[in-house]
Amino acid sequence: MPPSATYYFPTGFLWGTATSSHQVEGNNTNNNWYQWENEPGRILHGHRSGLACDWWGGRWREDFDRAAETGQNAHRLSIEWSRIQPTPERWDEDALDYYREMIRGLYQRNMTPLVTLHHFTDPIWLYEQGGWENEEAPHYFERYVAKVVEALKDYVSLWVTINEPNVYVYGGYLGGGFPPGKNDLRTAFQVLVNLVKGHAAAYQAIHRIQKTARVGIALNYRSFRPARPWFPLDTWITNFLHQGFNAAFPEAITHGKLRFATFRAEIPAAVKTQDFFGLNYYSRDLISFNPFSKTGFFYTARYPQEAELSDTGFLANVPEGIYEGLAWAKRYGLPIIITENGVEDADDDLRPRYLIQHLHQVWRAVNFNWQIKGYFHWSLVDNFEWERGWTQRFGLWGLEVETQRRIRRPSVDLYAEICKTNSLSAEMVQRFAPEIYAKLFPE
Ligand code: GAL
């Protein structure tokens with residue numbers, strides 16, 4: 001008889017998926033990403049977000065039904081700033097009403113909402129004033145956040161101010177393919193400072209309006225490892241990247257001190273402005289010191305040779321990295337929510353295995369009584385993947401973009417069983433990913 005066991009999660013664990021406004025709503029024509037998509041050469045194959053998953057047209061209803069019917073008890077979504085404040089002087093109350101209806105829709109389906117206030121996109125009017133390079137941006141952000149929280153406070157108490165500030169800065173200001181397409185370290189730092197200030201201002205505003213609020217960010221944690229552990233320069237550059245990419249932002253909103261590359265700033269207003277640690281984890285990089293690297297930062301990154309890669313080679317399946325990320329995040333002494341984790345996999349060959357292996361690592365952490373409160377899989381349905389357009393399929397459900405048809409992938413049923421039983425069992429692994437059974441449930 002093969003060993004049979006069940007890995008249980010704590011009572012009240014949040015099980016959901018994560019989405020973001022621009023990636024699922026469609027017809028977002030008033031933000032910087034819309035402009036970016038319309039510039040030739042910016043998005044792979046010239047793809048556009050277009051109708052996306054047509055949530056603004058109402059298809060959130062059917063997708064929330066799918067999520068609820070498959071046992072999810074929570075959902076992370078984002079509010080599109082450019083819809084709420086189409087111009088600096090105007091608030092769109094109808095847009096706010098629509099979001100209220102969506103979030104009520106989660107309640108009616110017994111799902112807890114986690115609301116992100118900024119997920120990569122900026123209103124065109126802000127973009128034209130320099131976006132987050134502009135010192136006024138934190139102030140604008142605070143006003144918008146106060147407006148949204150006032151409108152949604154009866155339904156939402158879990159808030160993410162800014163999604164992946166580290167990726168936003170890397171993407172837009174260090175050559176990562178996001179608007180405004182700059183590559184300048186000093187500007188990157190300036191933007192980071194303003195994002196920290198914006199987060200801090202938003203944190204205070206939310207708590208002023210809502211006493212029960214729990215506020216955090218969603219940090220993209222990359223598991224960086226030296227490619228040649230015996231070579232000191234590899235270790236040095238790995239630590240440098242870890243500090244700049246992973247640690248800088250959480251440190252700043254804990255101690256009020258921002259350390260990024262050679263830059264330093266004191267931001268006292270940001271001290272202790274985080275109630276939970278939101279962690280997004282996707283993959284690990286092996287880092288080599290390389291003075292000739294084209295990145296301009298003296299390093300090259302590659303995936304571990306033995307790790308399997310996702311469809312387009314965008315991610316490597318390294319489940320231990322999520323455990324490492326949790327162990328690191330735990331030092332902040334806050335409850336942790338895994339705000340994103342997932343893989344692009346159109347045929348759903350890798351996803352069941354990726355999901356099981358990552359949740360097994362989360363379970364290990366939970367078992368030490370680390371305060372992990374929930375897991376949000378990226379994503380519910382295939383959606384517009386930024387500069388990679390529609391080439392990457394992260395959904396539990398597939399999307400046929402031309403027809404809006406949803407396609408149920410096997411991972412839907414796997415995740416449903418996990419959510420419904422609040423556990424991962426040997427028997428599930430045997431059915432959905434028999435190839436890793438012996439590894440996960442050793443005799
Ligand atoms: C994250 C981002 C999401 C989604 C995901 C998969 O960095 O927050 O919006 O695109 O990656 O690529």
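Here's a quick briefing on the ligand site and the aromatic side chains of this structure. Keep in mind that the model is predicted. The ligand occupies the largest pocket, and 14 residues surround it. Elsewhere in the briefing, aromatic rings get their turn, with 39 aromatic pairs turning up across the whole structure.

**Around the ligand**
- Gln23, His119, Glu164, Glu340 and Glu385 come nearest to the ligand among the 14 residues around it.
- Sorted by class, that shell is a mix of six nonpolar, four polar and four charged residues.

**Polar contacts to the ligand**
- Glu385, one of the nearest residues, puts a polar side-chain atom 2.6 Å from a ligand oxygen.
- His119, also on the nearest list, has a side-chain N or O atom 2.8 Å from an oxygen of the ligand.
- Asn163 joins in too, with a polar side-chain atom 3.0 Å from a ligand oxygen.
- As for cover, the protein takes up 95% of the 310 Å² of accessible area that the ligand has on its own.

**Aromatic rings**
- Trp55, Trp56, Trp60, Phe64, Tyr98 and Tyr99 form a cluster, linked through ring pairs.
- Trp56, a member of that cluster, also has company from a charge: the charged end of Arg83 sits over its ring, 3.9 Å from the centre.
- Another charge over a ring involves Arg364, whose charged end sits 3.9 Å from the centre of the Tyr323 ring.

How values were computed
Residues numbered from 1 in each chain as written. Predicted model: local features only at pLDDT ≥ 70, side-chain atom pairs only at ≥ 80, totals over all residues. Heavy atoms only, no water. Phe/Tyr/Trp six-rings, centres within 6.5 Å; stacked < 30°, edge-to-face > 60°. Lys NZ or Arg CZ within 6 Å of the ring centre and 35° of its normal. Near = heavy atom within 4 Å. Polar contact = N/O pair within 3.5 Å; in protein donor to acceptor, adjacent residues only side chain to side chain. Areas by Shrake-Rupley, 256 points an atom, 1.4 Å probe, with all protein chains shown as cover. 1 Å grid on protein atoms, 1.4 Å probe; cavity = no way out; pocket = protein on both sides within 12 Å on 5 of 7 lines; lining within 4 Å. Sits in = over half its atoms within 2 Å of the grid points. Nonpolar A, V, L, I, M, F, W, Y, C, P; charged D, E, K, R; others polar.
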